[in-house]
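Trainee: I am new to this model and would like a close look at one part of it, a place where two helices pack together. Please go slowly and then show me what lies around them.

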Amino acid sequence: MRLLIVGTLKGQLTTATKIAMENGATVTHAEDHEQAMRVLRGGKGADLLLVDVALDIRDLVLRLEAEHIHAPIVACGITNDARAAVAAIHAGAKEYIPLPPEPELIAAVLAAVANDSRELVYRDEAMAKVIKLAQQIAGSDASVMITGESGTGKEVLARYVHARSARAKRPFISINCAAIPEHLLESELFGHEKGAFTGAVARRIGKFEEATGGTLLLDEISEMDVRLQSKLLRAIQERVIDRVGGTKPVAVDIRIIATSNRNLAEAVREGTFREDLLFRLNVVNLKIPPLRERPADILELAQHFVKKYAEANGVPLRPISTEARRVLSANRWQGNVRELENTMHRAVLMAQGDEIGPDAIITPDGDRLDLAKTAPAVAHATMAAEQVTRALVGRTVADVERDLILETLKHCLGNRTHAANILGISIRTLRNKLNEYADGGIPIPPAGTPGEYPRMPMVGA
């Protein structure tokens, strides 16, 4: 984790600095906004900014947004002033911490941002085989492709490989290729020179240069536009990159790990992924089986999450009852480890008595997991598919495809990610289809809620 302290807080945040460094973090200080922006542009980067509440936090937030720099801000002040805390949150800070800080409070915030409690927990033989292969290749510099369904733990495994490599003490930089708009991804990866495009007010070091000496994780690489893939291929082959607007190549020394929840061989056949790039990345493939295919891991992970969230929420550590274990083992876990983690977090909060019983193993809607029906999105999508297939004769393939996509999206309440998973296509392909339909004057369901994601706990406010 990389921590940047902004303002005249060095003395007050000695505890934060010490805790962060004890956990392997690097700490940088900046006196003001200008110096902070120079640090961030210069390639040191930051996973968290601790900012003096006396500074203009809104101005810093706007500067970060203007240069597409993503890092959460936690405001800090020498008094526990409720108005200052509210003003900081309204300005764009994620949290407010009164100073001097309590060690436990700082540790909680750092852990929430870094999410460094993500441990590789497994027991099933199917997962053990994957880990054994990961251990064998971790010490090399070979590129690694990690594949598996959403929620199986691809990034956790990537960090595991990095931690056991010769680059372990160097940066581990991650970028989600699906989360950044296509026109910004090139700059995020390779950086840019001042004036390269509107808004490029200064030179910005990209993720490749940030990761020099360490590991760069290209998360969901299948969503990268094919035109940018050629530039990525050159960077991997020649170990040099070109900043956007730059005039000379820049040497980099990194190990590439890429992840995908799609079948990249099919993407190559569809023309959405370069075959030569796949060969370059896929030196070693670590394929994580879905949780339903590693049943011995279900209860092992459940126990782990119960302990984790009991400690995080300050509630008693309760054992999982025999009946609750049966419910957990029988579930299909379509969302894999991520779904199991959220379920156990709810169970810890909902449990009554001495054990976590089946009544605490519930869905996000509050239904018991073993009594819940098919997920609404899946059920609606199935119904939509059946309705469409009844009238196939006499219609074009394009018309049938359009109706299926729109009906699935409608019954997923506009959730693009869920619809793409049900349809078996990438989110980028779905977006391209929707843009095509919209250009033709066809109404498109508005975007819905993407799902359940963990939030940083509110502390110190």
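Trainee: When α6 passes α7, is the crossing left-handed or right-handed?

Mentor: The model is predicted, with local features needing pLDDT of at least 70 and side-chain atom pairs pLDDT 80 or more, while totals for chains, interfaces and linings use all residues. Residues are numbered from 1 along each chain as its sequence is written, and side-chain values use heavy atoms, without hydrogens or water.

The crossing of α6 and α7 is right-handed (the near helix is turned clockwise from the far one by less than a right angle). Helix α6 covers residues 125-138 and helix α7 covers residues 154-163, and the two pack at about 35° with 9 Å between their axes (lines fitted to C-alpha atoms over the stretch in contact, with angles from 0 to 180 degrees between N-to-C directions). Helices (H or I, at least four residues) and strands (E, at least two) are DSSP runs numbered from the N terminus. On the α6 side the contact (heavy atoms within 4.5 Å) is made by V130, I131, A134, Q135, I137 and A138, and α7 brings L157, Y160 and V161 to meet them. Sorted by character, these contact residues comprise 8 nonpolar, 1 polar and no charged (Tyr counts as nonpolar).

Helix α7 also lies across the strands β6, β7, β8, β11 and β12, and its direction makes an angle of about 160° with β11, which spans 255-260. Those 5 strands form an open, parallel sheet in which the order is β7-β8-β11-β6-β12. At the edges stand β7 (172-176) and β12, and each has a single partner strand, so one side of each has no neighbour in the sheet. On average, neighbouring strands of this sheet are turned by 20° against each other, direction ignored. At the β7 edge, β7 pairs in the parallel sense with β8 (residues 215-219) over 5 bridges (DSSP must find at least two bridges for a pair), and within these strands N176 stands opposite D219 of β8.

For comparison, another sheet can be followed in the same way. It is open and parallel, with 5 strands in the order β2-β1-β3-β4-β5. Here β2 (26-30) and β5 (95-98) take the edge positions with a single partner strand each, so one side of each of these strands is left without a neighbour in the sheet. From one strand to the next the twist averages 25°. At the β5 edge, strand β4 (residues 73-77) pairs with β5 in the parallel sense over 4 bridges, and C76 has I97 of β5 as its bridge partner.
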